[in-house]
Amino acid sequence: QVQLVESGGGLVQAGGSLGLSCAASGLTFSRYAMAWFRQAPGKEREFVAAISWSGGRSRYADFVKGRFTVSRDNAKNTVYLQMNSLNSEDTAVYYCAADKNPWNNIVEVTSSRFGSWGQGTQVTVSS
């Protein structure tokens, strides 16, 4: 059974930084693309960033380009999201997700392609 556990959320002031981690188990982590999504109160879940199974390719939502960086350590079965220059619109619950199938590229990053999800970690940015 796949288990994804996010950590690193919290309260940060606008302009600050925060790093999230997602530890994976129950899958051969190095074979699966991983992604981060977020959901703000009253809004739908939205894509934030994704990284290919090898770590060699990444994709970002337009609203985080240049501010957020996704990375992974396949030896530690962990994916990371470094968030800089945070603003109040970044306040949300952040979820990591694992691709349904191994070896996929990340051309398409809708939530439906990701079959396993973490419980989420709250990020709150105060203005």
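This report describes one disulfide and two buried residues in a predicted model.

The model is predicted: local features need pLDDT of at least 70, side-chain atom pairs count only at pLDDT 80 or more, and totals for chains, interfaces and linings use all residues. Residues are numbered from 1 along each chain as its sequence is written, and side-chain values use heavy atoms, with hydrogens and water left out.

The structure holds one disulfide, a term for a pair of cysteine sulfur atoms within 2.5 Å. Cys 22 and Cys 96 form this bond, with their sulfur atoms 1.9 Å apart. The pair links distant parts of the chain, 74 residues apart: Cys 22 lies in strand β3 (residues 18-25) and Cys 96 in strand β9 (residues 92-99). Strands are DSSP runs (E, at least two residues), numbered from the N terminus. Because the torsion about the S-S bond is about 40°, the disulfide is right-handed. Both cysteines are buried, that is, under 20% relative accessible area (1.4 Å probe, protein chains only).

Two loop residues are also buried, as tabulated here.

| Residue | Loop | Relative accessible area |
|---|---|---|
| Asp 90 | between β8 (78-83) and β9 | 1% |
| Arg 113 | between β9 and β10 (114-117) | 10% |

Contact means heavy atoms within 4.5 Å. Leaving aside neighbours within four places in sequence, Asp 90 is in contact with Arg 38, Arg 67, Phe 68, Ser 85, Val 123 and Val 125. The C-alpha atoms of Asp 90 and Lys 65, 25 residues apart along the chain, are separated by 13 Å. With neighbours within four places again set aside, the contacts of Arg 113 include Asp 99, Lys 100, Asn 104 and Glu 108.

Key
Helix = DSSP H or I, 4+ residues; strand = E, 2+ residues; numbered from the N terminus. Buried < 20%, exposed > 50% of the residue type's maximum accessible area, 1.4 Å probe, protein only.
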